[in-house]
Amino acid sequence: MFNLFKGVCFLTSLLIVLLLYSCKSDPNNAVVSHNNQMHLQFDHNIRFAMMHLDSITYNTKHAEKHFKASRRYFKKIEPVLSFLDTENYAYLNQPNILKIEEEAFTDIKIKSPSGYQVLEETIFNDSVDTLLISKHVNLINHRLKLIQKNTQFNHLKPYHFLWLFRKAIHRVALTGITGFDSPVLENSLNDAQNVYTSLKESLSFFEPQFKDSELYKKWLLEIDLTIRELSGSFNNFDRYLFIKKHTHYQMVLWNETVADWNSSFPFELAIKNNASSLFSTSTFNIAYFSDPNFGDITLEKVNLGKRLFYDKNLSGDGSMSCASCHLPEKAFADGKKTPKEGFRNSPTLLYAALQKAFFYDKRAGSLEGQIIGVIENKKEFHTDLETLEKVIKKDTNYLLSFAKNYPNKKVNNLVIRNAIASYIRSLIPFNSKFDRNISNIENTLSQNEINGFNLFSGKAKCATCLFAPLFNGTVPPDYKESELELIGVPKENDTINARISEDLGRYNVFKTNERKHFFKTPTIRNANKTAPYMHNGVFNTLDEVIDFYNRGGGTGIGIHEPLQTLPSDSLRLNAQEIKNLISFIKTLDDTY
């Protein structure tokens with residue numbers, strides 16, 4: 001049987017090679033265009049991925065070997081699949097936790113996970129469950145067959161390829177090399193090599209597109225160097241140097257390629273089309289995260305929003321403004337465990353705009369929606385939208401400013417909230433010591449600070465939930481989802497008789513039992529300035545926070561929640577590693 005498998009693989013490979021060679025030998029033949037070449041490559045890799053999965057079912061004794069081989073081919077289709085079919089890609093690459101979809105009280109879906117991460121944890125387990133392995137193999141194979149049958153390439157333009165190419169580069173840097181989707185094997189570096197091998201082959205299909213042949217040669221050399229450097233042990237890999245030396249250089253090459261191909265894009269995604277660094281004010285397209293109906297964010301609109309942000313007259317009794325709980329000197333937090341009469345810690349507003357959900361329980365889907373919650377909260381503004389409008393309309397200066405900034409709109413709560421949101425959307429400084437260094441503006445990081453980032457993105461597994469460059473739970477490279485996590489935050493800072501915080505978090509929104517104690521992952525940028533920490537302010541220092549994670553979250557202090565999303569094993573960080581982690585976190589302090 002195994003010889004037959006090898007024979008099929010050889011014949012399939014030979015056919016693909018012959019077809020690809022014919023494509024390149026006759027670039028004018030419409031049948032063998034860029035898209036057809038990519039389709040052939042995609043079909044080849046997906047077939048081999050399925051063949052190795054079939055071999056697992058045939059003989060589970062070789063399950064580990066064939067899983068690794070199948071995953072290798074899956075990683076080769078990842079750049080195309082994740083761009084063309086985000087839903088099926090997410091299914092195949094989802095973590096081994098329940099998938100909860102909450103659209104309304106009458107539309108709640110709870111789905112058991114499957115895919116390569118789940119299969120990895122099932123195969124590489126102390127006790128092997130052959131029936132469970134077969135179940136997930138069949139589910140993955142069925143999904144791959146559907147993908148193979150339905151994925152279309154005919155509509156693709158060169159700019160689509162440029163987008164998917166860059167997206168793959170970003171994914172490797174921001175999730176790929178962190179262990180995000182290889183939780184047991186930590187096979188991230190080999191996975192990244194396979195992604196780049198696939199990108200190199202895809203790029204070869206577009207060689208005739210290059211007017212500057214030297215630029216194409218630069219790409220080949222750079223990809224070869226990248227593959228060579230994606231080696232060594234997972235824990236010792238220098239992720240800081242990789243991003244600085246390779247990811248950012250590839251973004252520069254990508255921009256040169258756009259110019260060389262004379263390409264234009266119909267719109268911008270989350271990352272600006274001309275970005276050359278992942279850590280700068282020019283990285284993100286703020287319009288991607290906001291409502292386009294209100295137009296561009298201008299300096300005048302930001303200034304109007306700033307005045308509203310500090311205006312206590314907007315609250316019911318005239319005693320509170322937005323700035324009451326978000327102080328610039330505290331990185332737009334307030335330094336308190338919880339606000340007066342409140343029950344959740346005030347998070348920083350810096351970088352708040354670059355996410356897809358708001359409040360710790362994600363009950364608001366936009367900054368404008370979040371502002372409603374503050375206005376109507378009895379413990380905050382304690383007023384209503386109608387009263388808010390009346391306050392603004394009594395002020396002539398406000399009316400003039402709104403007429404100038406919103407010329408075709410009435411002065412109502414919508415534009416008032418948008419103005420405040422515009423100010424918050426301006427709070428994206430990206431000028432921390434870390435930003436300046438990884439973007440090659442200066443060279444002032446100490447080795448301990450660099451080691452701290454590498455720990456954060458490697459052994460300590462922080463970056464599997466706190467994704468660079470935002471260092472929050474908004475998942476790159478698509479930035480469509482802000483994650484919820486159950487980590488077992490205690491009610492008191494007690495490691496002996498610990499009890500979980502009484503706040504049920506996301507559960508309070510839709511009453512879904514599987515969402516008890518789940519909270520959105522906020523940014524740790526400027527964490528050095530925003531103590532105390534967690535949704536209830538239970539920890540006063542960064543040392544306490546890292547000790548909690550180092551123990552394995554709630555499980556490590558005796559809080560046993562079966563749906564805890566944080567790995568329950570100790571991270572085994574030593575004193576110097578903890579010191580380095582804190583040193584790195586402090587480099588994320590912005591000046592404002």
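Q: What counts as a pocket here, and how is a volume obtained?
A: On a 1 Å grid over the protein atoms alone, a pocket is an open set of points with protein on both sides within 12 Å along at least five of seven lines, and lining residues have an atom within 4 Å of a point. Grid points are joined across faces, edges and corners, and a volume is the space filled by probe spheres set on the points. This is a predicted model, where local features need pLDDT of at least 70 and side-chain atom pairs count only at pLDDT 80 or more, while totals for chains, interfaces and linings use all residues. Residues are numbered from 1 along each chain as its sequence is written, and side-chain values use heavy atoms, with hydrogens and water left out.

Q: What is the volume of the second largest pocket, and which residues are the closest to its centre?
A: The second largest pocket has a volume of about 1200 Å³; of its 50 lining residues, His326, Pro339, Ser346, Val374 and Glu380 are the closest to the centre.

Q: How are two packed helices described?
A: The description uses the angle between their axes and the distance between the axes. Here, helix H3 (residues 63-84) and helix H7 (residues 158-174) pack at about 115°, with axes 9 Å apart, and are therefore roughly perpendicular (65 to 115 degrees).

Q: Which residues of H3 and H7 make the contact?
A: With contact meaning heavy atoms within 4.5 Å, H3 contributes Glu78, Pro79, Val80, Ser82 and Phe83, and H7 contributes His160, Trp163, Leu164, Lys167, Ala168 and Arg171.

How values were computed. Axes fitted to C-alpha atoms, helices over the stretch in contact; angles between N-to-C directions. Helix = DSSP H or I, 4+ residues; strand = E, 2+ residues; numbered from the N terminus. Parallel < 35°, antiparallel > 145°, perpendicular 65-115°, else oblique. 1 Å grid on protein atoms, 1.4 Å probe; cavity = no way out; pocket = protein on both sides within 12 Å on 5 of 7 lines; lining within 4 Å.
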